[in-house]
Amino acid sequence: GYNGNKGLVGRRGGTGAKGDIGPVGPPGVVGPRGDNGVAGERGPKGIRGDPGVEGPQGPPGDLGPPGFKGVQGMDGIVGLEGQVGRQGVPGDPGLHGPTGQRGNRGQKGDSGAEGTKGSEGTLGAPGAPGEKGNSVPTRFLSGLHSNLDKVNLWINPPYTLDKEEIGTMPNKSALSCQEIHKLNADVETGFYWIDPNMGGTFDAINVKCNFPEGETCIAPTMPLFEHEWGNSGIFWYSKLEPNSKISYNTHISQINYLSYNR
C-alpha cells in the first residue's frame, strides 16, 4: 500500500530527566577589560630571597673612636749577648773587709842552724827509795828452729806452748819479732808481746812486728808527727826540735837487749 499522510503534532510531553554534562566548549572571545577592583588586604611576609650580586666598594668611612687597651703580651725571647763594653774608669777604694779565716798550715821550712850546746845543769837531789819489788821468775826459750811445732818456755814452773801462741800475751812473750818469725814463717804483720831482757813478764812490751822483714817498732811516749789537710791533700810535719831525744814507753834495758836479739 501507499504511505498515509503525516499526522497532527502531538501535545508537548513532560520535562525529561537531567542529562549528562556535555564536553567543554571552545573558549569564547576575550571580553573587554573590566574596572580595577578594590585593593585587597596585605598579604603575609614572603620567604627570604637569594643573595643579590655584590655591589661596588663604597668610599672609606669616617675614623672610628680609639679602641680599648689590650692585655699585655708574653715575654719575648732573650736576645743575643751583646759585645763587651769598654772598661770603665776605676772606682773609689772600697771599705776594709773583715778579717778572713785562718789559712792552712804552710809547708815545713828548712831546718835552722844548729845551736850552741847549753851549760850542764846542776845535779838533782836523790829520789826517795822505792818499795821492795816482788821476785819474778825468769824465762827463756829453747830450740829456735822453724820446723818445731812446740816451744819449751822455761819458767817456774816450765810449760810448753804452740809456736802460734808466742807473742800473743805478756806471759807468752818472745825475745823479738825476728824470733817470732823464725818460729812461725806464716805469721802476719801485727802487734805482739816481746821481752828482750828476759827479766820477767812484768816488763814485757807490746810492739808492732813487720813481717817477713822481722822489724820491731816500739811506740814513743809522745807523738812525733802531726798531719793536716791542705789543698793538695794530707801532709805530715813534726814539731820536734833538732837533736831532740825521743822517749819510749819501756825500760832502757829492753831497748839495749833488743839490739842483741834482732
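These are my notebook entries on the chain as a whole and on one of its sheets.

Entry 1, the model. I am working from a predicted model, and I therefore treat every value below as computed from that prediction.

Entry 2, the elements. I looked up the secondary structure and found two helices and eight strands in the chain. Reading from the N terminus, I noted the order β-β-β-α-β-β-β-β-β-α.

Entry 3, the sheet. I then turned to the open sheet formed by three strands, whose order is E4-E5-E6 and whose pairing is antiparallel. Strand E4 (190-194) and strand E6 (215-217) stand at its edges, and because each has a single partner strand, one side of each is left without a neighbour in the sheet. For the twist, I noted that neighbouring strands of this sheet are turned by 45° against each other on average, with direction ignored.

Entry 4, one pairing. I followed strand E5, which covers residues 205-210, and found that E5 and E6 pair in the antiparallel sense over three bridges. In this region I looked for the residue opposite Lys 208, and it is Cys 217 in E6.

Entry 5, burial and contacts. How much of the chain counts as buried? Of its 262 residues, 16% do, where buried means under 20% relative accessible area. I looked up the accessible surface of the chain as well, which comes to about 24,600 Å², with 53% of it belonging to carbon and sulfur atoms. Finally, I checked the contacts between residues at least 6 apart in sequence, and 42% of these join residues at least 24 apart.

How values were computed. Residues are numbered from 1 along each chain as its sequence is written. This is a predicted model: local features need pLDDT of at least 70, side-chain atom pairs count only at pLDDT 80 or more; totals for chains, interfaces and linings use all residues. Side-chain values use heavy atoms; hydrogens and water are left out. Two strands pair if DSSP finds at least two bridges between them. Helices (H or I, at least four residues) and strands (E, at least two) are DSSP runs, numbered from the N terminus. Axes are lines fitted to C-alpha atoms, for helices over the stretch in contact, and angles run from 0 to 180 degrees between N-to-C directions. Buried means under 20% relative accessible area, exposed over 50%, partly exposed in between (1.4 Å probe, protein chains only). Contact means heavy atoms within 4.5 Å. Accessible areas come from the Shrake-Rupley method with a 1.4 Å probe; for residues, only the protein chains shown count as cover.
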